[in-house]
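Here is a short structural report. It goes from the whole chain down to single residues.

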Amino acid sequence: MTTSFIHPALIMIFGAVFLPFVKGPFRKPYLFIVPLLTLLSVVYLSWHPGVYGVVNFMGGDWTLTFGRVDRLSMVFGFIMALMAVIGTIYGLHVEDNWQHIASWFYVAGSLGVIYCGDYLVLFLFWEMMAFASTFLIWFNKDKGALAAGYRYLLVHTFGGVVLLLGFVLRYQATGDLSFVLLSEENAQLYTWLIMAGLMLNAAVPPLHSWLPDAYSKASITGAVFMCAFTTKTAIYTLARGFAGFDILIVLGVAMAIYGIIYAINENDIRRLLGWEIISQVGYMVTGVGIGTALAINGTCAHAFAHILYKGLLFMAAGAIIHATGKSKFTDLGGLYKKMPITLFFMVIGGISVSAFPFFSGFVTKSMIIAASFEAHLLIPAFLLTMVSVGTFLVAGLRLPYLIFFGDSRCSEETWKKAEDPPWNMQLAMITAGFLCLLVGSYLPFLYNMLPYPNVAFHPYGGYHLSETLQLLAFTAVAFVFLKKKIGARPTISLDLDWFYRKGGQIFLWIATTPVQWLDNCWGAAYRVVGLYSLMTTARFWSWFDWHGIDGVVDGSARCVRAIGRRITITMQRGQIQQTIYISVTFAAILLASYVWL
Amino acid sequence: MIIKIVDYLKERPGPVKFSFYVAVAIMVVWSIGGVDTHHAHTWAEMYIPGFWSLFGLAACIVLIYVARWLGKSGIMTREDYYDN
């Protein structure tokens, strides 16, 4: 290990461990400085690509690699560390140290995965992410959060086990633990197992239901962290191990469509944003599946932009829940008068995700669609364009309309409580909003970081501008006429989590109803058959004991007594010489038999 | 300031709508007449005037109706469905 290498995750972990000892006026600066130091160390690493932190483990049989710094890990490491700074600023007002500790361990897990070079280290940090983020759900005291946390943990434990199974099988077959690009031609069972384990974290259907479920139940700052790290870390691992796997194109497009359709029907703000994460991550999964240099660049760029604007949207949503305590469209509406600054940032986030010119989505999403066209994948390209129409419909129009405009559905109490968030939340939103604009307007900032720097892409051509503006304008036209169709409705939409949520209830029902019935029957049968036969048997033994055993025992006792009496009468007549004669004869017989035998 | 702008626009729904449609019309005219489509990826983009306008409108309507149809087909249910 070279001395200049300090793993960025280590800074977060030490920062988290020492946080409880930092008190008073030092606490807030400390909360700011630790993620900032992490960001600086990530930037420092990006100037020194190479492989660091190679450790021999278990007597040198295995080599663990903690620090693989190349262009792919650099861009992801940078955005994760940046988001850690923004997220921590957003949560500065949170007094509970445990929330910060959980978030920082979560970030450390993500950074550890990004810089790792083998499956063992990957797995270690992968599980660290899963456990730390579970606590971000449990810190929310709302109804249902505890159960949602358990569901999240169970699903991710399952994913972790699948991943473990995959790389252990691979180790058995090849003796190799290194985390590198796998071969599609020689795909084995372990290839698909590893892919499934990673895909669960990327929320690829049918392994996606945990995402809207968990993110809508997390604590306010917890959700801001969660929306950035789990899925995009998984995208990094997919880009590392599975670039060019055709099946990812199909799955990616499917999840993009699936997510946006559920988002259109959704009534909870954070569930809607969660569905939209699934939809946007679908673009990235498609990009990984296409696997060309432009597509991988597009995936990384879109992940980068996505973390910023989705973080911004979750921060704005968090500001609304923080102020009003409500998260459903049916309880909100018309709030622009009370929360204008939140409105402003939600719109910035909305137009960034919708790919408005000069905002981040415009220069990143188009890269994946262009890569798709260039690879002659016309159907995926057109379908992804359709989804980007849906994205504007949901995040750019429906979301702000139902919260800030239109009729107010707020109760008097909600209306009274609604106000813009405290300064630290606003500062975090300003930072994220500014970065959305920077990414979209100053191309070298992001494009120079991408894994393939020599691939040229020019988003600001006349044709691309005209295409985007037409799509956006006519989405808005359709929204004007059809907005009643996608209004606020007090419903939830059933999804594949039905199987394990209702499955659990069915299990409980089976346990309480048929199994209980069987138990009752058994009890009755036992009472009727078992107890009767037991009593009968007991009576028999009682009789036997009385008449049999006692008879024998009493009989022998009586017999002994009778014999004794006879002996007394015949032998002990009180004459001493006769008694001595009998005794000596008896002793002589004993002695003779002893010697003779 | 933001509140004032929103209030100002809300008080004038007619002119707002009118200027929105005018902007859309100008944009469409520019897209059909002023943009070089020779480097587009597909035949449809090159030869159907305002292809992306039609595509955007159709895509939006399709998505909304598919979502509504799916919702009504039994996917959407009461909020306390899982609570019992």
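The text below covers overall form, domains, selected elements, two residues and the contact between chains.

**Basis.** This is a predicted model, in which local features need pLDDT of at least 70, side-chain atom pairs count only at pLDDT 80 or more, and totals for chains, interfaces and linings use all residues. Residues are numbered from 1 along each chain as its sequence is written, while chains are lettered from A and ligands numbered from 1 in the order in which they are written.

**Overall form of chain A.** Chain A has 22 helices and three strands. Helices (H or I, at least four residues) and strands (E, at least two) are DSSP runs, numbered from the N terminus. The C-alpha trace spans about 145 × 60 × 55 Å along its principal axes. The radius of gyration of chain A is 37 Å, whereas a compact globule of 597 residues would come near 25 Å. That radius is taken over C-alpha atoms, and the globule rule is 2.2 Å times the number of residues to the power 0.38.

Of the 597 residues of chain A, 51% count as buried. A residue is buried if 20 or more other C-beta atoms lie within 10 Å of its own, exposed if 12 or fewer, and partly exposed in between; C-beta atoms are placed from the backbone. Contacts in chain A reach far along the sequence: among those between residues at least 6 apart, 81% join residues at least 24 apart. Two residues are in contact if their C-beta atoms, placed from the backbone, lie within 7 Å.

**Domains.** Chain A is divided into domain 1 (1–237), domain 2 (243–487) and domain 3 (514–596). Chain B has domain 1 (1–35) and domain 2 (40–84). These bounds come from an automatic or database domain assignment. The C-alpha centres of domains 1 and 3 of chain A are separated by 78 Å. In chain B, the centres of domain 1 and domain 2 lie 24 Å apart.

**Two helices of chain A.** The expected span of a helix is 1.5 Å times one less than its number of residues. The table sets out the values for H6(A) and H20(A).

| Helix | Residues | Length | End-to-end C-alpha distance | Expected span |
|---|---|---|---|---|
| H6(A) | 145–174 | 30 residues | 43 Å | 44 Å |
| H20(A) | 497–512 | 16 residues | 22 Å | 22 Å |

H6(A) has many buried positions, among them Ala148(A), Arg151(A), Tyr152(A), His156(A), Gly159(A), Phe167(A) and Arg170(A). Its buried residues pack against helix H5 (119–138), helix H7 (189–201) and H8 of chain A. Gly175(A) follows H6(A) and has a positive phi near 70 degrees. How many of the 16 residues of H20(A) are buried? The number is zero, so H20(A) lies largely in the open.

**The hairpin.** Strand S1 (residues 50–57) and strand S2 (residues 62–69) of chain A pair in the antiparallel sense over seven bridges. Strands pair if DSSP finds at least two bridges between them. Gly50(A) has Val69(A) in S2(A) as its bridge partner. Four residues lie between the strands of this hairpin, where Met58(A) takes a positive phi near 55 degrees.

**Two buried residues.** Leu211(A) sits in helix H8 (residues 210–215) of chain A. It counts as buried because it has 26 C-beta neighbours inside 10 Å. Leaving aside neighbours within four places in sequence, Leu211(A) is in contact with Ala203(A), Gly274(A), Ile277(A) and Ile278(A).

Gly112(A) belongs to helix H4 (residues 97–115) of chain A. It counts as buried because 25 C-beta neighbours lie inside 10 Å. With neighbours within four places in sequence again set aside, Gly112(A) is in contact with Ala9(A), Val121(A), Phe125(A) and Met128(A). The C-alpha atoms of Gly112(A) and Ile278(A) are separated by 23 Å, and these residues are 166 apart along the chain.

**Where the chains meet.** In all, 38 residues of chain B are in contact with 37 residues of chain A. On the chain B side, two or more residues each come from helix H1 (2–11), helix H2 (13–33), helix H4 (51–75) and strand S1 (76–78). H4(B) gives the most, with 16 residues. By class, this side has 24 nonpolar, ten polar and four charged residues. Here Ala, Val, Leu, Ile, Met, Phe, Trp, Tyr, Cys and Pro count as nonpolar, Asp, Glu, Lys and Arg as charged, and the others, Gly among them, as polar.

Strands also link the chains. Strand S3 (residues 491–493) of chain A and S1(B) run antiparallel, joined by three bridges. Ile492(A) has Thr77(B) in S1(B) as its bridge partner.
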